[in-house]
Structures are given as C-alpha cells and as structure tokens.
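Me: I'm new to this one and would like to walk through its ring pairs and nonpolar cores. Could you show it to me?

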Amino acid sequence: MKKLNNFEAILLLIVFSWCLGTQQLSAQAPVISYTGVQPTYTTGQAISSLTPTNTGGAPTAAIPFVSTLAGTGSAAIFQQPVDVALDASGNVYVSDQVNHRIRKITPAGVVTTLAGSGVQGYADGTGTAAQFGNPAGMAVDAAGNVYVGDLDNNRIRKITPAGEVTTFAGSGTFGFADGTGTAAQFSAIWGLAVDASDNLYVADFNNNRIRKITPAGVVTTLAGSGTFGSADGTGTAAQFGGPRGVAVDAAGNVYVADYNNHRIRKITPAGVVTTLAGSGTFGSADGTGTAAQFGGPRGVAVDAAGNVYVADYNNHRIRKITPAGVVTTLAGSGTFGFANGTGTAAQFWQPAGVAVDASGNVYVGDSQNFRIRKITPAGVVTTFAGSGVLGFADGTGTAAQFNFPSGVDLDAAGNLYVADASNWRIRKITPVPYTISPALPSGMSFNQTTGVISGTPTVVTATTTYTITAGNASGNGSTTISFATVSGPATRYVKTTASGTADGSSWANASGDLQAMINASAPGDEVWVAAGTYTPTQDPFGNSSPAEPRSRIFFLKNGVKVYGGFPATGTPVFADRNIAANPTILSGDFNNNDVVTGSGSTLSITGNAENAYHVVISVSDAATTVLDGFTVRGGNANVNSTAIVELSGQTARLDNGGGMYNKVSSPTITNCTFSGNSAGTAGIGGGGGMFNEQSSPTITNTTFSGNLATSGGGGMLNQSSSSPTITNCTFSGNLATSQGGAGMYNSFSSNPTITNTTFSGNSAGVGGGMRNDNLSSPTITNCTFTGNDDGGIYHASGSNITITNCTFTGNSGGNGGGIFNNTSSSDITNCTFTGNNVTGIGGGMYFANAFGNIANCTFTGNSASIGGGGIYNFGSSSVITNCTFTGNSSPNGGGIRNESSSNPSIRNSILWGNGTEISNSSSTPSVTYSIVQGGYTGTGNLNADPLFVNAADPDGVDNIHRTADDGIRLQTGSPAINAGDPAITTPATDITGATRGAAPFDLGAYEGGVTPVAVARYVKPTATGTGDGSSWAN
C-alpha cells in the first residue's frame, strides 16, 4: 500500500471533514429566522420581501400542507363529496353526491359544475342541463372523459371534457342485463376503475357482479353469477357478496374489495376469479390467501409492484397483500381509536379510502378519526394531516381539520386529494418545504418552496403572530413573526386647471381645487399637487365667497399629506417629483401684484393690502399631517384682531403668521420655502413666515427668506410653549422692525430644537438671527449665525439656552455681536465666535446679569468699539473653561471686559494677542491655569507664547472652523500642553471632538500639539487674484 505524504494526508482529512460536516448538516432539521420584519405594513404598498435565513439542514418537500381546493368558505359549496378522481392534467373530479352534480376543480382551484343541475333526477345534456341521482364512484380515462356511478339512477354516465353528459351504460331500471349502452342494467353502482385500454370496470354492488364496459359502451359481466356467494371460478361461475371497491394493475388484473364476503378477489383479463386473500369469515387474521381474514374491506389500491392495499373498514386496519396473496397488517391494532406508531401499535377508526404513491407510501382516509394518515413501506404510521377534532380548518399537518374524509387519490406530483364528505369540501394536501399559519393577509403571498413573504396587503388586520415552519426528512424547525396591516393612503390629484371628471381620482381627472381635495381626504391619504400657483378658495368654514375675502385660507387636515413638486404634464409617479424644477406655490396674493424688494434691513413688501391674512393654517394636527414641496408666499396678517379664523374650537389672531399659522398643532413641514410673507401691525403680532402657538411642528429642509414682521419673528415666531424641531433649514434676509428676532423669535416658554440650520443676513432692532425671552430655552446644535444685524442671538428674561458646535461669524450690532445674554443662562460648548463686531460692548458675547457655562470655544477677530472684544461681562460671573481668545480688539479688554461685580471663573484658557487681555472694573475674576499675555495673578497661570500653528489663519487651509488644520491649534512643544488644572476633567473632548485623555488637559480649545507644515507663499512685483500669496494666481 502506498504511504501518503503529508500533503495528501491533509487533503484527505479536509475532504473527509467536509463530507462529514455536509452529512451532519443534511441530517439536521432546518433552523430558520427572519430579519427586517416591520411592525406594520400599509395596504396598497408592496412590502420589502422577507427571506428566511437557515442555519440548519436544507428544507425539502416534507411538510403536508392542507388547503381547501374547493368547497364552502372558498366560494364553492359541496354536499357530501364521496369520491375523487384525477386526469393527466391535474384536474380533480368530484362526486358531489347530495348536490347530484359532478364538479371539476382545476389545478388553480377554480370550481365549475362539469355536469348536473343540482336537482335529483335523470337527464342527459350539457353541463347543468344534465341530472344525476346521488353520484358515487368515479374514474377518468386517458382522454379526460369522466365516468360516474349514478347510484340511484343505476346508470354509468360519461362526461366529456366539454361537459356533455351521455348515458354510457344502463337502462335506469334496477336489475341486471348485459348489452350495449342503455340495454344494460345495474343495481347500486359503487367503485369504478379504468385500465390502460380505457376499459371501465364496475363494482355492481347489489348484483354481486363485476362488470366490464368497453370504450364503445359494450357491457359484459367480467365475473359474478349474480347470486350472493363466494365461489371462485371463471366469469359467471364466480360469486361475490356486495363488491365495493375496485382497482386495476398495469397488467389489467382487477382487484375487488368483496365487502360482505370479507375477501379480496382477483380477476384476470380472461375473467378468472380467485380469492387473493380472505377466508370469508369476519376476522382479522394475517396469513396467505384464504388463511387471512378481513372485516368489510372497502377501499383498494395497487402499487407498481402489484401489491394491493386494503382499507379494512370494520377491522380498523390497513392490510397489504403481495402478488402471492400473503396478507400482512401493514398498520392498525384492530381496536378502533387513534394512535400513531409502527404496524400494529397504530390505531385507525373505520378507514375508508386508500391511495399509494410511487415510493410505496400509503395514504388513508381515516374517516371517524377525521384525519389523513400516512404509512411508510416499513409500516410507520403518522398523521399526515388533521387534528382529530371534527371540524374544518386549513393549515399544516395536524393544524388542519376534517369531517369524515372518505375517497383519496394522488396525482403525478404527489399531491393528495381528499373527499372531505361531511365538510362538503375537496381538500388538497401538498408536501412543501415551508408552511405558514395562520394565512397571511389578503394580497400578501407566502412561497412554500422558498419561504419568501412578499406582496401588497389589501386588507387591514390587527397585529398577528405567524408561525413559519421549514421541514426535511430530519424534522421541522419553526420561527414566528408578528405584524399588523394598516389602512393605506388614497391619493388625490390637483392641477391648476381641472381635467376629466375633476374628481381628483387620477392625473387625467385632476381637480383644480386643492382645498376640496384636502377636505375629501382621510388620515393617511395623500394629495399630489402639480406645478403652478394656487390661491385659497374657501374660508375655514367652507365659504367660497366669505364676507371678508381675505379670510380665505388653505387649512390642513389631520393626518393628510400634501405634496407639491409634480410635473404639470403626463402622469408622474412620486419618484418624478422635482421641487426645484416644478415650483408649486401657495399664494395669498389674490391679485398677483405683490412687489418684494431688498433683503434684511432693506426688505420691502408692497401691493399686498388685499392678500389673505394667512396662506396656510394648521389647527390640532398631528405629525402625520404633512406639507411638503411648496413655496408659501403672499400672506399678510396685518389686522390687530382675534377670533375671525376659527377651527376645531381654536382661534387664530389676524396679526400673526402671514405665511403659516399653527395652533395647538404639530404638522410635518418639509422641502418648503416661506418667502414674501408679512405679519403684525403697530408693533403687535409677528411671525411673518410662520407663527407657532402651543405648537411643535417638525420642519426640515425648509427656507424662510424675505419675510417681514413689524413686531418680532420675521421668519418665525414661536410662542406659548411651542417647541418645533427644526433641521437643515435656512433663515435668511428676514426683517423684524420692532421687537426683534428677525430670523426667529422664541417667547413664553418656547423651546425649539434647532440643528444644522443657518441664520444669515437677518435684521432686527435686537437679535437679528434669533431672540429668546420669557423662559424660552432652545437647544441649538451645528448651526451657523452669520451676517445678522443686530447680533446673532439675543437671549433674555430667564431663558436657558444650550448651544453646541455652532459658528457665529460676521454678525454686527450695538451690543453682543455673536450673542447677547441678558438676565438669562447659557451652556455654550464647542462654538466659534469670529469676525463679529459691535459699536458698543461685547464683540463676541455680552453677558448682562447673566450666567454662562462656556467651554471649548474660540474667540477670534471680534471687535467692540467700547469694551470686551471677545466677551463683555456686566454683573455676570460665568465659567469659562478651555477657551481660546486671540486677535480680538477693543479699547477696554480686547479679550474679556468685566464690569459691575462680574467675577467670572476663567480656567484652562488662553488669552493672547488681544491687546488688553482682561480688563476689570469693580470686578474680581478668578483666573487659573491659563496663559494670559502679560501675565495674570492666579494658580498655574503662565505668561508664555502658546505657539499657535498660525494665528493669522484661525480656520486653516480648509477654511472650516473646528477641524484638524485650524491655525489656532497648538504647536508641538507649546507651553500650553498638559498645563491645565489637574482637577478639571471635563469637557472630555476638545473643540474638534478629539478625546482629551487624562487630566491635566492642554490649555485652550484644542488638545494636542502638531508640527507646523511648511507653506509656500508666492510673490510677484504686482499682486494678482486675492493677493494672499497662496498661489501664483493669487
């Protein structure tokens, strides 16, 4: 034997391990799970397909799934279907006995009456023109013709695939006669079977004969004398005792369940009758031939090897007979009852029908147990389907229910069909890899091969738990998912000019009345609006011609979503929406004559005397109410009055909210522009663009520009505990001529959350960008205040503001260029104050009888004509930690000016290059662990150049503050490194978000030293471009 080298040995080991692993995995039951299941799905909207993940054995077609192929509850109705037969195309034919009809069920489950009027009687004809009398046994030939044992009419009826019924054989008179067609006579026709040559065999019960009918309708007696008995013999020499079931094997031998003789008889094609098995005495003995006993054999089936299977009805057993006549009990104890098990350990209760598949598995209609049983070739009995409780239910395996299942048959694909007699249904049992229970909501589908859940729900359902099972030969694995289906939206369509029926049901039938479509909508519905300009058509009471035309308004409806930005032509879908290309304008300018000029301090709006008081109003609406994709303009709330506008028991002032008025409401506003609106009169009222009263709308990607308020809040006024959430918005060029807050005014406990928003070029008497007073406490994050006049933010009257990662640049005014804090408190972290200037005090910030907690902030290039280039404190004792002041200027305290008992605590900070770094009047600040140019008394203070990277370029090459290349970072070797107070451990990160590590921290806003990068500067005799030397072009 060749000795393996190391490589060959390792390779062999790998292959062996792989094979072993594969074998072990294939021997496992599936282990499945689903991810991405949503708690709710919306009707009319396709779900994202849910695909199972399987970490066990691969699922195979191993789980019996019971469905109602046809019957009550599936639109069609049956009454005691007693037998089924299948054709080569998979169509199922049913003897619908009490209905006196023959029904046909396609593979898709479509039930039609192949023949029969439903009235007991006898008539040939086509389809429902024909009549039957308790049809029983059935068989189908190769051409698809259906043969029916018409029990009470004593006839064999033939039905063509087209439904044409003829009497194939039988006179209709009870009796016996051979002959052709109607010359023949029968008595109580039960079992039928067709051989490969399309000869039909009939169990003629009361005549005790087996009859043979050729395709030409010639009836002969294949066997049986007509006298009750049990004699074997050829042809009419033989005797039968109530033959019930018949089956034919591939060789043309006919097997008969000779019910009252308790025998199984075999008839050769030549008519030779022998007793294949059975003594003729009621009993249950196994044995060979006549040594065996039966107790009322009823159903018979034969497999490809010639073995015969018998439903031994009164013995409660399934018997197997070999071609040699050896009888064994395949399964069943003989005592009626129910038990799964092997062989005689199992129990049945009056098994009626049997069928056998290509693998030798036997399926049994266990009638009184209300189950379908499966018996393997080894005799192992399991419940294939059925709970055992009399009733009806589709489902998987034992979750299903039956009521006296009788006839069973199998198709070529292995699907089992059951005549569920007392349930009046035809059931189909399909072996599948996956099942689900209960059934999914209508419109959703479950792929029983892959386990994928998909589709579009069409009905509303409560939250339901669904059990998904995957199976293979090793067993089943299950998991559960839960979800509800909720009502989907209707969509209504609006254009500037109505089209078609104008009912808004489609773009072709678009309405021209936006308000009418909003009114007609229910919560969850959507209104799609095409590009164009729309003016209000009704007042809030639905009047189209109100006494005051200016009271006409667009009023939102709770839960209704209104979308603009659709093209005005074609049939656009939602994805075709383009707000920039398809401007959709809601205008209060009825005469279309407004003139808007200037911006900020020069803003002027004229020609608006006849305009609507408000363009849009929202009252008592939830966040599911949406306004998306509109420009709102031309509102003019300029009347000092109340109560003219009233909705849902709420009143709206006519001097607030020219563009939009929200009252006790929280709509969602997205992708909108509010421009050219005005509000207020004689210094009262405000909110030119939007007024929120006890309201908390969610506002995203929206611009407020060129709006005017004669009082406060040119862009927006939030009042009376309003707390909107504002994200990715712009407030620019708005004007407030009296109270202030040109961009936004927050008053009376209003606490907005503002993120990623820019306030620029707004102008007001105080608080050009924003004003907060009367206990209002906004939270402002990642925002920019630039070029506002007077100042970026004015903060007063007991308000508490939190500002993080914000930039204040280029703002100007009288006092407090960046922020003016008056009798209020502030938490300001990671902020930049640069290039702000005032004619009075506090270029960067002004604190007047206020408190601030200021950390990780930079103050550069700010100026004040009187005092406090960086910060001016008056009667204020703020805490300033890890801040950097450089390049600020003022005659009194270029860095910080403290007056009137201002005693701030300045810690871990740098004040360098500000002229006079700290100037005090009647104030005693505490300065510790800081660098102060010129020195300052206090623990840990230094008077040493902090070695900025490039103080002349605070925001660095990228021109973005709070990034790694900022010029006011520390160089490696700076004396500020690790020079902080060891007791100070917060903030844990610096202005860029870098972790500071363990105390002592570095001084100033930046942690860590960097090595300056050499920068080339470019010089020519004559300057070019910007002249900053950054390139030859400059």
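**Rings and cores**

Reply: Gladly! This is a predicted model. A good place to begin is Ile780, which touches Ile754, Met770, Phe785, Ile793, Ile801, Thr802, Ile803, Thr804 and Cys806, leaving aside residues up to four places away in sequence.

Me: Which residues touch the most other members of the largest nonpolar core?

Reply: That core has 68 residues. Ile780, which we just met, is among those that touch the most other members. The full set is Leu586, Ile780 and Ile803.

Me: Which element gives the largest share of this core?

Reply: Elements that give two or more residues include E43, helix H2 (514-520), strand E47 (561-566) and strand E77 (800-804). The largest share is 4 residues, and the element behind that share is E44.

Me: Where does this core lie with respect to the domains?

Reply: Look at which domains give residues to the core. Domain 2 (511-758) does, and domain 3 (800-1033) does too. Because both contribute, the core lies between domain 2 and domain 3.

Me: Which residues are among those of the other core?

Reply: Another core lies apart from the one above. This second core has 16 residues, among them Leu50, Met444, Ile468 and Ile481.

Me: Let's turn to the rings. How many aromatic pairs are there, and is the pair of Tyr493 and Trp528 stacked or edge-to-face?

Reply: The structure holds 24 aromatic pairs. In this one, the ring centres of Tyr493 and Trp528 are 5.6 Å apart, and the planes meet at 75 degrees. Planes over 60 degrees apart count as edge-to-face. Therefore the pair of Tyr493 and Trp528 is edge-to-face.

Me: How many residues apart are Tyr493 and Trp528?

Reply: Tyr493 sits in strand E43 (residues 491-494), while Trp528 sits in strand E44 (residues 526-530). Both residues are buried. Their pair links distant parts of the chain, 35 residues apart.

Me: What about Phe808 and Phe833: stacked or edge-to-face?

Reply: Their centres are 4.8 Å apart, with 5 degrees between the planes. Planes under 30 degrees apart count as stacked. The pair of Phe808 and Phe833 is therefore stacked.

Me: Is Phe808 buried or exposed?

Reply: The cut-off for buried is under 20% relative accessible area. Phe808 has a value of 0%, so Phe808 is buried.

Me: One last thing: which residue lies over the face of Phe176?

Reply: Here a side chain sits over a ring, at 3.3 Å from the ring centre of Phe176. The residue is Arg209.

Note on methods:
Residues numbered from 1 in each chain as written. Predicted model: local features only at pLDDT ≥ 70, side-chain atom pairs only at ≥ 80, totals over all residues. Heavy atoms only, no water. Phe/Tyr/Trp six-rings, centres within 6.5 Å; stacked < 30°, edge-to-face > 60°. Buried < 20%, exposed > 50% of the residue type's maximum accessible area, 1.4 Å probe, protein only. Lys NZ or Arg CZ within 6 Å of the ring centre and 35° of its normal. Core = buried A, V, L, I, M, F, W, Y, C linked by side-chain atoms within 4.5 Å. Domains from an automatic or database assignment. Contact = heavy atoms within 4.5 Å.
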